[in-house]
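Q: I'm new to this one and would like to go through it slowly. Could you show it to me before we start?

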2 protein chains.
Amino acid sequence: MYVIGERINGMFADVKQAIREKKADVIQELARRQMAAGAWALDVNVGPAVADGKGAMLWLVETIRAVSDAPLAIDTAKWEVMAAVVPQVPGHVILNSSKADPEIAAKYAGLAAEHNGSLIGLTIDAAGVPGNSEKRVELGAQLIATAMEAGLPTDRLFIDPIILPVNVSSKTPVDCLEAIAQIRAFSDPPPHLLLGLSNVSQRCSNRGLINRTYLSMCIAKGLDSAIMDPLDTELINSAITAELLTGKMIYCDSYLEAARSSKQ
Amino acid sequence: MYVIGERINGMFADVKQAIREKKADVIQELARRQMAAGAWALDVNVGPAVADGKGAMLWLVETIRAVSDAPLAIDTAKWEVMAAVVPQVPGHVILNSSKADPEIAAKYAGLAAEHNGSLIGLTIDAAGVPGNSEKRVELGAQLIATAMEAGLPTDRLFIDPIILPVNVSSKTPVDCLEAIAQIRAFSDPPPHLLLGLSNVSQRCSNRGLINRTYLSMCIAKGLDSAIMDPLDTELINSAITAELLTGKMIYCDSYLEAARSSKQ
């Protein structure tokens, strides 16, 4: 399970304040703790309402790089921020994210390929978030084709079928399960399948329970990556156990510890 | 989720002693507690090493019936016990279980049909437990055909693809996930898909975590029933949440309580 830690995001109050006051230690501690807890990469998002998005993103990248060489997912919806920051990220960079419209995706995939990076492609186009699994699969296929044409290998493409909160749409969790299974089934080699997991439980009660249950279900369908909170121990335990039960590791009594230390 | 409570089983020390000493209150309390916790039916197994299996089973049935009209799953590998007990069970009876060999399954399905009961059919035949998903699917199809010929409607047939402990076979959990999806996909109407869940974690550490993670994964693949421990609150919460995320209910903040009370 390729876990991308979600905590360095300006929508969280501690990170928002750290960005505003340039408190590097807060960011570095979040980087260290997420990596120690089970993350393989770190998402980096300056959050809404930051005047100089590019400057804040570059400061975050530099601050994190001082303590970690983890792959960094540059999380911005603005092309100008992405285009300016990506060339300046030392080590592996993940572009988070592109929509599926071919003219947009081609630009992002080209930038990712140029910098030996990876790309998260959303199954959204000009018409918005699809209302069914079929359209998600269609846009997933479109993303795969566009990435290939742009010279980005499929194993550096992450398809995100876009999960909505279960209290807003009771059908979307089912549609995403189906889309994950189908995109994995038809493509060889398959891209990574990824979700912004926490979104499934936004403004719900029992958030932890909903997140870890849905993650286990998605792994059964072929999900192999998620942007999620690695500091949620029960969530990471569920992810490791689900991978054990899909045959990705051999059982031993200390399999939870073994999985954690094998990452180091 | 059709939960069949597993706790009235002579392999547990308290039940073994209660059977030996005819302590009805111990059995009745287990029946009441399992039903209150989320079971829809109760498994009844006298356990190994009981001299008069038929007599002990009839005593258990009578003892439970004094406090509950729940469907009872008569859990015995002996045909003579099954054939003697099933006609004497008031209310709904589930035969647990038959192997898939047609001559055996026909006998069990006929007995189930005759008493308006249900049948749990195992994907095991004379060659033993299959080593892959394909053979499980083949034996599942065989069980469906045999049940139909015997006059047992498919919605009263539960197919159990036989889970082995993950510490014994790392591949079986994957095979069962695949078999569940395929048997559900090819048959219309589909039978119920069931597992003896606790078996996946036998003699493992983190049993609760393994059980609830695997249950969520199986529900994503189409499992709709399990013989399991309803007294494990976290397990029942996972089952309810997984069903929420497959669109079987609409979210509300008290969805866990709502699901529990809707059963009553």
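A: Before the strands come up, one term is needed: two strands count as paired if DSSP finds at least two bridges between them. Please also keep in mind that this is a predicted model.

Q: OK, so how many bridges join strand β1 of chain A to strand β2 of chain A?

A: Strand β1 of chain A, residues 2-5, is joined to strand β2 of chain A, residues 41-44, by 2 bridges, and the two strands run parallel. Within that pairing, Ile4(A) has Ala41(A) in β2(A) as its bridge partner.

Q: And what do the strands of chain A close into?

A: In chain A, 8 strands close into a barrel, following the order β1-β2-β3-β4-β5-β6-β7-β8, and the pairing is parallel. From one strand to the next, the twist averages 25°.

Q: Which strands does helix α3 of chain A lie across?

A: Helix α3 of chain A, which spans residues 53-65, lies across β2 and β3 (72-75) of chain A, and runs at about 165° to β3(A). Further along, helix α6 (residues 133-149) of chain A lies across β5 (118-122) and β6 (157-160), with an angle of about 160° to β6(A).

Q: Moving over to chain B, what is the order of the strands in its barrel?

A: Chain B has a closed barrel of 8 strands that runs β1-β2-β3-β4-β5-β6-β7-β8, with parallel pairing. On average, and with direction ignored, neighbouring strands of this sheet are turned by 25° against each other.

Q: Can you pick out a pair there: over how many bridges do β4 and β5 of chain B pair?

A: Strand β4 (residues 93-98) and strand β5 (residues 118-122) of chain B pair in the parallel sense over 4 bridges, and Leu95(B) stands opposite Leu119(B) in β5(B).

Q: New topic: how much area do chain A and chain B bury between them?

A: The two chains bury about 2,600 Å² between them, with 69% of it on carbon and sulfur atoms. Met217(A), Leu245(A) and Tyr251(A) supply 25% of the area that chain A buries against chain B, which is more than any other three residues.

Q: What about polar contacts and salt bridges between chain A and chain B?

A: The count of salt bridges between chain A and chain B is 0, while 4 residue pairs are found in polar contact across the interface.

Q: Which helix gives the most to the side of chain A that touches chain B?

A: That is α8(A), with 8 residues. The residues on this side of chain A divide into 19 nonpolar, 11 polar and 4 charged.

Note on methods
Residues are numbered from 1 along each chain as its sequence is written. Chains are lettered from A and ligands numbered from 1 in the order in which they are written. This is a predicted model: local features need pLDDT of at least 70, side-chain atom pairs count only at pLDDT 80 or more; totals for chains, interfaces and linings use all residues. Side-chain values use heavy atoms; hydrogens and water are left out. Axes are lines fitted to C-alpha atoms, for helices over the stretch in contact, and angles run from 0 to 180 degrees between N-to-C directions. Contact means heavy atoms within 4.5 Å. Buried area is the accessible area (1.4 Å probe) that two parts lose on being put together, summed over both. A salt bridge is a side-chain nitrogen of Lys or Arg within 4 Å of a carboxyl oxygen of Asp or Glu. A polar contact is a pair of N or O atoms within 3.5 Å; within protein, one must be able to donate a hydrogen and the other to accept it, and residues adjacent in sequence count only if both atoms are side-chain atoms. Ala, Val, Leu, Ile, Met, Phe, Trp, Tyr, Cys and Pro count as nonpolar, Asp, Glu, Lys and Arg as charged, and the others, Gly among them, as polar.
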